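Let's take a relaxed stroll through one protein model. Have a look at the sequence and the 3D view before reading on.

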Amino acid sequence: MYTTSNSNSPYNSYTCFGIDTANSKWFNKPNGFGAQTIFFDNDTTWQTSNNIIGSTVFNCVEIQIDKKNSVWERDDNNIVYSLINGIGGSWQKYTAASTGVQAMDEVYDIAVDDLSNKWFGGYYGLVKYNDTTFVVMDTTNSNLPFEPVYRTAVDKDNNIWIEGDSNFAKFDGANWQIYSKPFPSSLILQHRLAIDSSNFLWVVRSPSSDGIYKFDGSIWTNYITSNSTIPTNNLRVLAIDKNGYVWIGYTGGIANFDGIIWTSYGSGEGYPSTGNALAMHVDRYNNKWI
């Protein structure tokens with residue numbers, strides 16, 4: 001556990017983070033007054049970034065890092081920022097005014113594919129950005145099946161998955177395939193998506209009390225306490241590790257699923273926190289970071 005008392009971590013709490021290709025961690029503090037992003041260089045040195053451009057208050061809700069190690073952040077106003085040239089670089093802000101793309105004014109989620117393209121889901125549809133050109137897909141200029149697009153994810157075949165009010169959809173670069181959702185459309189902006197090595201989609205609806213959902217391409221399975229050994233139905237975060245285990249976080253603990261059994265880790269197993277897990281990632285060595 002990294003705290004201000006046992007490490008050089010500048011804060012004791014972080015709302016969001018990501019891991020780059022060098023296995024270094026990027027964090028943002030909660031209620032980011034000063035708009036500072038923290039860089040943990042390969043688990044060794046803590047550094048603080050320059051302030052977000054033109055911002056004195058920046059509440060980070062998402063960090064994604066592309067294959068070039070550029071850092072992409074979204075704030076609670078659904079505006080996207082990037083830090084291109086490492087911890088000492090300068091921030092860029094992406095809005096309709098700065099890009100000429102209206103859809104960049106209301107971004108709800110960011111995904112990065114294997115070619116380092118950024119996919120921005122938002123109120124106006126889906127935007128693909130290759131660091132040079134923005135391509136906007138909406139229901140009038142493309143076969144995008146719905147808008148708004150609330151959630152985005154990329155599977156192992158580089159297909160793009162999106163979530164809307166009533167459906168999920170998968171895009172293979174040419175065609176869309178639509179899938180109905182088995183749960184209500186509420187709380188979409190709090191959903192967590194992850195895709196495992198079998199291209200199964202996993203969904204946690206946070207905050208809610210309906211466990212976790214798995215979609216294998218045809219059948220939805222809902223894991224709850226009454227039909228499995230999952231420790232709670234009230235889940236907050238989700239990640240898939242290098243062995244294909246599904247990891248979940250909840251108040252006071254974490255758990256993993258090996259495809260058959262859920263194994264829990266709480267204070268009795270040495271888990272150090274009784275608070276809410278706000279984010280979870282897996283690094284290149286299969287370490288879990290919460």
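Which residues does A255 touch, leaving out those up to four places away in sequence? This is a predicted model, by the way, and in it A255 is in contact with P231, V246, W247, I248, Y250, W262, T263 and S264. You'll find A255 in strand β25, which covers residues 253-257. Is A255 buried or exposed? It counts as buried, because its relative accessibility is 0% and the cut-off for buried is under 20%. For a sense of distance, try S209: it sits 46 residues from A255 along the chain, and the two C-alpha atoms are 16 Å apart.

Next up, a pair of strands. β17 and β18 run antiparallel, with five bridges joining them. Across this pairing, N167 faces S180 of β18. Four residues lie between the two strands of this hairpin, and G173 has a positive phi near 105° there.

| Strand | Residues |
|---|---|
| β17 | 167-171 |
| β18 | 176-180 |
| β25 | 253-257 |

Now for some empty space. The second largest pocket holds about 720 Å³. It is lined by 22 residues, and M1, Y2, N12, S273 and I290 are the ones closest to its centre. Two elements, β1 (16-19) and β28 (288-289), each give two or more residues to that lining. What classes of residue make up the lining of the second largest pocket? There are 15 nonpolar residues, six polar ones and one charged one.

Notes
Residues numbered from 1 in each chain as written. Predicted model: local features only at pLDDT ≥ 70, side-chain atom pairs only at ≥ 80, totals over all residues. Heavy atoms only, no water. 1 Å grid on protein atoms, 1.4 Å probe; cavity = no way out; pocket = protein on both sides within 12 Å on 5 of 7 lines; lining within 4 Å. Points joined across faces, edges and corners; volume = space filled by probe spheres on them. Nonpolar A, V, L, I, M, F, W, Y, C, P; charged D, E, K, R; others polar. Buried < 20%, exposed > 50% of the residue type's maximum accessible area, 1.4 Å probe, protein only. Contact = heavy atoms within 4.5 Å. Pairing = 2+ DSSP bridges.
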